[in-house]
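Student: Please take me closely through one part of this model, the salt bridges and the elements they join, and then show me how that part sits in the rest of the chain. I would like one connected explanation, with the reasoning spelled out where there is any.

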Amino acid sequence: ANAAWWDADGYGGASDEEAMIGDEGSEADIAHSITFIDALRVRHPELQLRCALDCGAGVGRVTKNVLLRRCQHVTLLERSERWLKQARRYLGNKRQQRCSFVHAALEEHSFPSGAY
């Protein structure tokens, strides 16, 4: 049922961001996420954020606005083929070069050891 709900537009809304989170709170969410990652790196300077995994990536809102600002490469894992296709458009050609796109459910996908 959950997969069908997302395939049928998720939260709906006038933008990709609203379809993913259901309101206009995307900017605050992004700012908090960046602040969290930056604070984590201050506490753990040895932490190198080369690769990130965006689970349930949707259109790639977190990838575009947070993860690609702090990581070299992001893998977007998304169960809905529709949202994964939209993520490619949403990210644009330049950002796509730093991403991998995986169509799978988190609980069904196996990850390479030590990749993330």
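**The salt bridges and their surroundings**

Tutor: Arg61 is a good place to begin, because at 7% relative accessibility this residue counts as buried, the cut-off for that word being under 20% relative accessible area. Please keep in mind throughout that the model is predicted.

The partner of Arg61 is Asp29, and the closest N and O atoms of this salt bridge are 2.8 Å apart. Asp29 belongs to helix α3 whereas Arg61 belongs to helix α4 (residues 61-70), and the pair therefore ties together parts that are 32 residues apart in sequence. While Arg61 is buried, Asp29 has a relative accessibility of 31% and counts as partly exposed.

A second contact to look at is the salt bridge in which the side chains of Arg70 and Asp38 meet, with 2.7 Å from N to O. Here too the pair links distant parts of the chain, with Arg70 in helix α4, Asp38 in helix α3, and the two positions 32 residues apart. Arg70 counts as partly exposed at 25% relative accessibility, and Asp38 is likewise partly exposed, its relative accessible area being 29%. Taken together, α3 and α4 are thus joined by the pair Asp29 and Arg61 and by the pair Arg70 and Asp38.

Elsewhere in the chain, the side chains of Arg79 and Glu108 meet in a salt bridge of 3.9 Å, N to O. Arg79 sits in the loop between β2 and α5, and Glu108 sits in the segment after β3, so that this contact ties together parts that are 29 residues apart in sequence. Glu108 is exposed, with a relative accessible area of 59%, while Arg79, at 44% relative accessibility, counts as partly exposed. This contact also belongs to a wider arrangement, in that Arg79, Glu107 and Glu108 are linked in a network of salt bridges. Over the whole structure, the count comes to four salt bridges.

To place these contacts, it helps to follow the chain as a whole, which contains five helices and three strands and reads, along the sequence, as α-α-α-β-α-β-α-β. Helix α4, which carries Arg61 and Arg70, is also the helix through which the chain passes between two paired strands. Strands β1 and β2 pair in the parallel sense over five bridges, and the chain crosses from β1 through α4 to β2 in a β-α-β crossover that is right-handed. Within this pairing, the bridge partner of Ala52 is Val74 in β2.

The next pairing is built by β2 (residues 73-78) and β3 (residues 99-103), which pair in the parallel sense over five bridges; the chain crosses from β2 to β3 through helix α5 (residues 81-96), and this β-α-β crossover is right-handed. Among the bridge partners here, Thr75 is matched with Ser100 in β3, and Leu76 is matched with Phe101, also in β3. Strand β2 therefore appears in the pairing with β1 and in the pairing with β3, and five of its six residues are buried, so it is largely enclosed by the rest of the structure. For the chain overall, 34% of the 116 residues count as buried.

Strand β1 has two faces to inspect. In a regular strand, side chains alternate between the two faces of the sheet. In β1 the covered face holds Ala52 and Asp54, and the uncovered face holds Cys51, Leu53 and Cys55. Cys51 counts as partly exposed at 38% relative accessibility, and Cys55 is partly exposed as well, with a relative accessible area of 38%. The cysteines invite a check for covalent links, yet a search of the whole structure finds zero disulfides. For Cys51 the reason is distance, because its sulfur is 8.0 Å from the closest cysteine sulfur, in Cys71, which is too far for a bond.

Finally, the loop between α3 (26-43) and β1 (51-55) contains Leu47, which is partly exposed with a relative accessible area of 31%. Leu47 joins Phe36 and Leu40 in a nonpolar patch on the surface, and together these residues have about 260 Å² of accessible area.

How values were computed:
Residues are numbered from 1 along each chain as its sequence is written. This is a predicted model: local features need pLDDT of at least 70, side-chain atom pairs count only at pLDDT 80 or more; totals for chains, interfaces and linings use all residues. Side-chain values use heavy atoms; hydrogens and water are left out. A disulfide is a pair of cysteine sulfur atoms within 2.5 Å. Buried means under 20% relative accessible area, exposed over 50%, partly exposed in between (1.4 Å probe, protein chains only). Patches are made of residues with over 30% relative accessible area and no salt bridge: like charges are joined within 9 Å, nonpolar side chains (Val, Leu, Ile, Met, Phe, Trp, Tyr) within 5 Å. Accessible areas come from the Shrake-Rupley method with a 1.4 Å probe; for residues, only the protein chains shown count as cover. Helices (H or I, at least four residues) and strands (E, at least two) are DSSP runs, numbered from the N terminus. Two strands pair if DSSP finds at least two bridges between them. A crossover is right-handed if, with the strands pointing away from the viewer, the path from the first strand over the helix to the second runs clockwise.
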